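Subject: Structure handover

Hi,

Here is the structure I promised to pass on. Have it open while you read, and my notes follow below.

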Amino acid sequence: MPKIKHFVLHSQWPPSGDQTEAIEALTQSIINGNRFQTLKGVTGSGKTFTVANVIANLDRPALILAHNKTLAAQLYSEFKSFFPENAVKYFVSYYDYYQPEAYIPQSDTYIEKDASINDRIERLRLSATKALIERHDVIVVASVSCLYGLGLKEAYEEAIIMFRKDEKLDEREFLSRLVANYYERTDFTPEPGTFRVRGDTVEVFPAYEDETCIRVTFFDDVIERIDITHPLTGHVIETVNDVSIFPAKHYVTQNDAIQKAVPKIKKELEEIENGFKAKGKLVEAQRIRMRTLYDIEMLTEAGYCSGIENYSVYLDGRTHGQPPGTLIDFFPDDYLMIVDESHITLPQVHAMFNGDKARKSVLVENGFRLPSCMDNRPLQWNEFEQRIKQAVFVSATPGDYELQSSSVTAEQIIRPTGIPDPEVEISPAESQIDDLIDRLRTNVKNGERSLVLTLTKKASEDLADYLKELKFRVKYIHSELNTFERAELIRDLRAGKIDVLVGINLLREGMDLPEVSFVAILDADREGYLRSYRSLIQIMGRAARNVNSRIVLYADEMTDSIARAVEETRRRRERQIAYNEENGITPKSISKSVSDFLPSELAAAFNDGKHSEGSGTPRKAKSIAKMSISELERAMWDAVDKLDFERAAVLRDAIAEKERKKAES
């Protein structure tokens, strides 16, 4: 009997160029049992389409790992179009902003944890884990935040409420289980994660979707009817015989978990307090005692306390050092991991654990947290590596780890459009601004777009301001913009509302910009991370989707990175041109409609209605008093990213003060 295929790939075109060979090589390597394989493909060669074909061939669930929300959003949109009949899900950090708890001994500054959760993103996360439990045909596009503690899968599964028509179930017991699963009762406007009671009818609004309601009708202590209804109109969509209600949060504890955890917390407190006293650290001893006893009291009385995740090792029943549960645990053993832009994503995974450990170590040493808080953490590199069953690393410039560990490296050099790599010109850096302006004017006259990359944030800001004075339609894309605002800038560039986009390193990986025909790299001979071989190749790839593309490197000397990048571009270009001649292909620029960069559900999640005015204006020129709340929030997030917790605390207090005044007015 033939195997039933779950994944159905929809595409207007079949594989072309060297995509066919890459698909076959990767598919066969995975079938043969090889653990790691690499897809090395030039920008615009259709690596995402190749990966989609591999997933369809193997017919296995897949986790696609990206290094940031923007790239994850683009991949999510592409895979949804490839697999419209399957469950393609999105899983990224649900914080609009997140300021972790921190202590700065030098200035004796303690900063409380502060965060704002995006309900829409949380709903998408819950939808992802629900799909993994219920279905086989699941593709989850996730950022590296999926490697942080999510709670134990076993506890989450045990909390699922499953029931069927004619089943005997006390209504009060049913309501108690909903409350235990973090659903809130409401008598007013229903929202996902709530329920309401109307006599013998209970309406549950699942936390993981906003388009359905589960209406349960009781007759005494028997379920008489189960309807799936529209949440607003109440119209019955479907009558079913059985249904499952998943928890409203991922972190679910057993009923007796707190009772079991409290004695263990008290024992650790006693040991740490005595240790501080033995060292003469009386302030630290008093501090940890007061904090922990307060948390214990809150846990006992309310079942929750601020920073409850710091006690997760006890609440989960884990041992010290045992890794936390993560999204990967929800995948079946035969899942396939795709690491997109692996040269960036894998180093990011390497760094996450050490950064988290450094911050918490300071808290522990100064009596703000028990050492067990260190068990609430992201996966270490070796733990992450152990959880990879089989993986495909995808990058135009794979790192040494990928190339050395892969059994097969498939290379895609031919673009379906026939466009060869752009010619690279090296121009003197001494007169780079004057030369750049002349080239930009020519490009604007031709109705084409340009990207300009500088070496520092200050240089980007100054250049954007200068070009604006020269009447260029220019914007500066920078780290203080949220995902939606960056996507909006990219859309405006493609639509022709902007002619020039200036940035540092935010324009490299994964951006699909067919209208861009000119990329200028200033100070290209300043050897370093931003001007390394891999960085130059990635930047130059932004102009590889337009037949008129040109690259200019402004440099006064030929560095090793420039020489390697130019030689690699020349090698690819020769092979691409030869392939075109052999097959009678005339290169054509990619033609794609200018649509929202984010799918509608993600646009709604990221768009908070607080867009910045003219992103070419550097915010640091404004005083805190003159900044809007949205500007203050973005500046605070930027400070947190840079571990500048003192500035983040000042900005947080400024936000609170502005919100207070706004409420009073």
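At the start of α3, which backbone nitrogen does a side-chain oxygen of Asn68 reach? That of Leu71, to within 2.7 Å. Before I go on, bear in mind that this is a predicted model.

First, the whole chain. There are 665 residues, and 54% of them are buried. The chain has 20 helices and 25 strands. Of the contacts between residues at least 6 apart in sequence, 75% join residues at least 24 apart. The accessible surface is about 30,000 Å², with carbon and sulfur atoms accounting for 49% of that.

Now the parallel sheet. Seven strands make up an open sheet, and the order is β3-β8-β2-β17-β18-β1-β19, with parallel pairing. At the edges sit β3 and β19, each pairing on one side only. From one strand to the next, the twist averages 15 degrees.

Strand β1 (residues 36–41) has 5 of its 6 residues buried, so the rest of the structure largely encloses it. It is joined in parallel to β18 (residues 390–395) by 5 bridges, with Phe36 standing opposite Ala391. β1 also pairs with β19 (residues 408–412), again in the parallel sense and over 5 bridges; there Gln37 is opposite Val408. Elsewhere in the sheet, β2 (residues 62–66) and β17 (residues 336–340) pair in parallel over 4 bridges, and Ala62 faces Leu336 across that pairing.

Back to the helices. α3 covers residues 69–82, and at 1.5 Å a residue its 14 residues should span 20 Å; the end C-alpha atoms are 20 Å apart, so the two agree. Its buried residues are Thr70, Leu71, Ala72, Ala73, Gln74, Leu75, Tyr76, Phe79 and Phe82. Leu71 therefore appears twice in these notes, as a buried residue of α3 and as the owner of the backbone nitrogen that the Asn68 side chain reaches.

How does α4 (residues 119–134) compare with its expected span of 22 Å? The end C-alpha atoms of its 16 residues are 22 Å apart, which agrees. At its start, a side-chain oxygen of Asn118 comes to within 3.0 Å of the backbone nitrogen of Arg120. Of the 16 residues in α4, 12 are buried, so this helix is largely enclosed by the rest of the structure. Charged-looking names turn up in that list too: among the buried residues are Glu122, Arg123, Arg125 and Lys130, along with Ile121, Leu124 and Leu126. As for where α4 sits, it lies across β3 and β8 (138–143) and runs at about 135 degrees to β3.

One residue you may want to look at is Glu85, in the loop between α3 and β3 (87–91). Is Glu85 buried, partly exposed or exposed? Its relative accessibility is 49%, so it counts as partly exposed; the cut-off for exposed is over 50%. Setting aside residues up to four places away in sequence, Glu85 touches Val8, His10, Arg135 and Asp137. With His10 there is a polar contact of 2.8 Å between the side chains. Glu85 and Phe7 are 78 residues apart along the chain, yet their C-alpha atoms are separated by 7.9 Å.

Then there is the mixed sheet. Its 6 strands form an open sheet in the order β10-β11-β12-β13-β14-β15, and the pairing is mixed. The edge strands, each pairing on one side only, are β10 (184–185) and β15 (236–240). Within this sheet, β13 (residues 213–219) and β14 (residues 222–229) pair in the antiparallel sense over 7 bridges, and Val216 stands opposite Ile226. Helix α6 (residues 171–180) lies across β11 (194–198), β12 (201–205) and β13, at about 15 degrees to β12.

Last, Thr212, which lies in the loop between β12 and β13. At 18% relative accessibility, Thr212 counts as buried, because the cut-off is under 20%. Apart from neighbours within four places in sequence, Thr212 is in contact with Pro206, Ile228, Thr229 and Pro231.

Cheers

Methods. Residues are numbered from 1 along each chain as its sequence is written. This is a predicted model: local features need pLDDT of at least 70, side-chain atom pairs count only at pLDDT 80 or more; totals for chains, interfaces and linings use all residues. Side-chain values use heavy atoms; hydrogens and water are left out. Two strands pair if DSSP finds at least two bridges between them. Helices (H or I, at least four residues) and strands (E, at least two) are DSSP runs, numbered from the N terminus. Contact means heavy atoms within 4.5 Å. Axes are lines fitted to C-alpha atoms, for helices over the stretch in contact, and angles run from 0 to 180 degrees between N-to-C directions. Buried means under 20% relative accessible area, exposed over 50%, partly exposed in between (1.4 Å probe, protein chains only). Accessible areas come from the Shrake-Rupley method with a 1.4 Å probe; for residues, only the protein chains shown count as cover. The expected span of a helix is 1.5 Å times one less than its number of residues. A polar contact is a pair of N or O atoms within 3.5 Å; within protein, one must be able to donate a hydrogen and the other to accept it, and residues adjacent in sequence count only if both atoms are side-chain atoms.
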